[in-house]
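Student: I would like to go through this structure step by step. Can we do it as questions and answers?

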Amino acid sequence: MFRLQTIGRGSLCSGILEQCSSEFTTKTLRHLSSVWKPSRDIEVEGVKSLSTAEASAVMPKDENGRIRDRILTLETMSPLVKAVEYAVRGPIVIKAGEIERELNQGIKKPFTEVIRANIGDAHAMGQKPITFLRQVVALSTFPELLESPSFPEDAKKRARRILQDCGGNSLGSYSASQGLEIIRENIATYLEHRDDGIPADPNNICLTTGASDGIMSILKLLVTGDGLSRTGVMIPIPQYPLYSAAISELGAVQVNYYLDEDNCWALDVSELHRALSSARKYCTPKVLCIINPGNPTGQVQSRKCIEDVIHFAYEEKLFILSDEVYQDNIYSPDCQFHSFKKVLFEMGPEYFNNVELASFHSTSKGYMGECGFRGGFMEVVNMDPDVRTQMIKLLSVRLCPPVSGQVAMDVVVNPPQPGEQSFEQFAKEKKTVLRELARKARLTEEILNSVPGIKCNPVQGAMYAFPRIFIPPKAIQEAKALGMAPDMFYCLQLLEETGICVVPGSGFGQKNGTYHFRMTILPPVEKLKLLLTKVKEFHINFLQQYASSESTSR
Amino acid sequence: MSINGVASQSKVLTIDTLNPSIKKVEYAVRGPIVLRAIEIEKELQEGVKKPFTEVIKANIGDAHAMGQTPITFLRQVIALCIYPELLKDNKFPEDAKKRARRILQACAGGSIGAYSASQGIECIRQDVAHYIERRDGGIPSDPGNIFLSTGASDAIVTILKLLMTGEGNTRTGVMIPIPQYPLYSAALAELNGVQVNYYLDEENCWALDVEELRRSLNAARQHCRPRALCIINPGNPTGQVQSKKCIEDVIRFAAEEKLLLLADEVYQDNIYAQGCKFHSFKKVLFEMGPEYSNTVELVSFHSTSKCYMGECGFRGGYMEVCNMDPEVKQQLIKLVSVRLCPPVPGQAMVDVISTPPVEGEPSYEQFVKEKNAVLASLGEKAHLTEDIFNTVPGIKCNPVQGAMYSFPRIEIPDKAVKEAKAKGLAPDMFYCITLLEETGICIVPGSGFGQREGTYHFRMTILPPVDKLKVLLKKLKEFHIKFTNKYS
């Protein structure tokens, strides 16, 4: 018998119905709404039907008289996979897809379009691709274009060099498992330049299928042991839920350390100590994950803070995973990106000869926003050579990362230089994107902070605001009665009433009793303003709707 | 402070503290022999003298690396998607533009740089479903059951992940053919699944024998819980094409024994032998009637990397799930959502393969010509390889009915077996390493795929251009004769 899990807890995402249409989804939802007690509140109805665990409870075993003792069922499937949760594409996003379809079918809503502020997908929000990047990838894909006068020579030069390194001069051949050598060399040069001359070895660089793939691969290597000796992985809370999902899938132990919301989401080493000591009672912490600039929290770490973290990892013998995919997304004038590698090397040989570090980058963020290409790379520092061999073996099983994504990565690390034909246009496009983002970061913070009951830390970097929201006790009660996290309840209402899709803080983790949501700052300025105004109005309404004598008397 | 500045700390991650499952993973197709081949290539470039001037990599099914040219229409559509400015270019045919526009319309923001839905772009899944329906003579296919993937490997590993459960005697067992494509053994090692071997019948053109399945299953039930049966058709590395009768037997066996079927059909267009025909597991399943088609759980896999396309680098692929429990399907969707989406250019490639130019469209003739030329050449090379191998005393090669490989059996003299063992090498590894060092030919030893104890093989692709393939086969012949003489 299935326990009815609540949407706010276990099944926030455990078994989601896909965001895109499938007959199955609609059918199930319809089926569910007929089985569930009719509710007057249509929003709530929609919410309920998103819980898969509930779906399993109501789905008759012998429907259509079919033999239902399947080989692969919810009871017999991998418990590790079942435990995986991923809120960024969770139930709220599925609901958004449903509403979009209803709008297309002409169903009347208090709004005319769904605004998806749930995921850091710049192009989906109208950001234009960087011309030069697309030119190089197009030339590599269809080399006949190398003869076309409408492509600039610097783009052709890069495409030719890449094609020379491809088997049979084709983007369609497998690359080396670590990635094309020439691209790894270019990455190493780029890193040396970024880190003021600190050397980077192409052999320590692996191209990946987006950063997620790299992070997953490194975690796979590290997970071992049973019970008390099981690998613990320290992750920030709030976190990007890839980490918790990967930890669940690998059966590792998630060790939470909390970022300090009152201090602009800064990382505090004494909190790391607290988290580590308490975790050592039940697992063997071996890994420390850092996201800088922060996702979903948008803070940019100071150099001092990074030094402290490195020192801590050194003392406590922790392998550092440094997720630096937002390294180009810095907006606060008093903030600067410091790579973990650079700081590590500046701390002297006792650190840079010892501390094991893997850092990650991607084509999906920065000024490029090329998510669909699934480009990325990781650099490992101080990895045991035998382990590196094992890692390359592991990577070889998946053959190679998509080569077009590798090419996109190459353009990021090898952009047009002053004097090259495309330099000006490239610099202009890049600057425009980053300036817009900075403007939107400020705008978001300002407007959100003008709303009573919303408090937003400065969006120093990355692509998200993660404001804290006050949810009245009456709303919390109602959410709990529905078996839902209060911020999920809030976000679903926001979606139903305004068409705005944001992700509840519970999907990222937050201190008990606090509530947040994550929204991207990516919509075009005018749309973002509209969105923020709507959020403001919604929040004020929500507070009024759920204001009670109890809460006012407090 | 534990800083001492002298001896380095012991590392967090060492070979002793490494995840033991990763240590067990082996993947011969890119294993030690291939690493050595790359070293030799570098030595050649540095001017080191060798008895040969180039390394020929016949280790991997990578058609473009062996000089096969891309299908123009495929690349046109992808280039148009990547750089939509080209939609204004009158050098691109209208049918390519039409497809590119359709794909871009389905991309958020009209950009191939946006994430797609985790399952893949919806209109592409619809195109794939129609493609499968055409292939299977009208048997319906639901786009909701199609999942685009990062090559077929990604999809196979994903399904295996779902299946893994239990401990000790209840741990999931997965039946795989021997010889197999080592992705399967590697994935099972990584996931701690129990590998259950069933042997293909070399004496009978590597046919699959249901009696052998039964033997293997019964033996495995003593120590694990077999829940899935993997089939590779056409076979990799063995090149056999299964008959309809054989597929029916397998399906009946899976139904009786309650096994989920994984049908790896990435070579479905690569059929060379007369009298052989590709039958999809799905089609055969549906033709066996509702008793089977409503119950047998089947997942089949396809890819852009093989067939006439050979577009490995794009990492395009898809799977179709049949009779999957709806709750499990939701879990599958959740699991694939963590990795966000398969590469969109690869998805676009899948779309073009599913909607190739049709008669009357401007690109039709060129497309058909290019496609047929690739397949005809592969057919010729399949025959050539088999014929030449079978002229060598001590080499016996089954017909290469399909796929892209020959997997000949080689006799290795006792003296060579002893020398190999003294060096701690599998005898066929010793053979292949010697071949590489003496001739520059890189092939993969049979031990990397599995083979009956005491037999030795290697896998070689049939992909090099005909002239190069002839040279390669001649060199191999000479080497084998020399090797046999040396160790007899």
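Tutor: The questions below go from the domains to the core and then to the chain contact, and the model is a predicted one.

Student: How far apart do the C-alpha centres of domain 1 and domain 2 of chain B lie?
Tutor: Start with the bounds. Domain 1 of chain B is 20–67 + 368–486, and domain 2 is 99–354. Their C-alpha centres are separated by 27 Å.

Student: Which three residues of domain 1 of chain B supply 21% of the area it buries against domain 2 of chain B?
Tutor: The two domains of chain B bury about 3,100 Å² between them, and 57% of that is on carbon and sulfur atoms. Each of the two gives 38 residues to the contact. On the domain 1 side, more comes from this trio than from any other three residues: Asn398(B), Gln401(B) and Ala403(B).

Student: How many salt bridges does the rule find across the interface of these two domains of chain B?
Tutor: A salt bridge here needs a side-chain nitrogen of Lys or Arg within 4 Å of a carboxyl oxygen of Asp or Glu. Across this interface of chain B, the count is two.

Student: What N to O distance goes with the salt bridge of Glu203(B) and Arg409(B)?
Tutor: The cut-off is 4 Å. The side chains of Glu203(B) and Arg409(B) meet at 3.7 Å.

Student: Why does the largest nonpolar core lie between domain 1 and domain 2 of chain B?
Tutor: This core has 318 residues. Helix α3 of chain B, residues 72–82, gives the most to it, with eight residues. The core lies between the two domains of chain B because residues come from both domain 1 and domain 2.

Student: Which residues are in contact with Ile159(B), leaving aside its neighbours within four places in sequence?
Tutor: Ile159(B) and Ile218(A) have the most contacts inside the largest core. The partners of Ile159(B) are Leu260(B), Leu262(B), Val299(B), Phe301(B), Met319(B), Met324(B) and Leu332(B).

Student: How much area do chain B and chain A bury between them?
Tutor: The contact takes 100 residues from chain B and 108 from chain A. Of the buried area, 59% is on carbon and sulfur atoms. The total is about 8,900 Å².

Student: Which residue of chain B forms a salt bridge with Arg70(A)?
Tutor: The rule finds three salt bridges across the interface of chain B and chain A. For the pair with Arg70(A), the closest N and O atoms are 3.9 Å apart. The partner is Asp325(B).

Notes. Residues numbered from 1 in each chain as written. Chains lettered and ligands numbered in written order. Predicted model: local features only at pLDDT ≥ 70, side-chain atom pairs only at ≥ 80, totals over all residues. Heavy atoms only, no water. Core = buried A, V, L, I, M, F, W, Y, C linked by side-chain atoms within 4.5 Å. Buried < 20%, exposed > 50% of the residue type's maximum accessible area, 1.4 Å probe, protein only. Helix = DSSP H or I, 4+ residues; strand = E, 2+ residues; numbered from the N terminus. Domains from an automatic or database assignment. Contact = heavy atoms within 4.5 Å. Buried area = accessible area lost by both parts, 1.4 Å probe.
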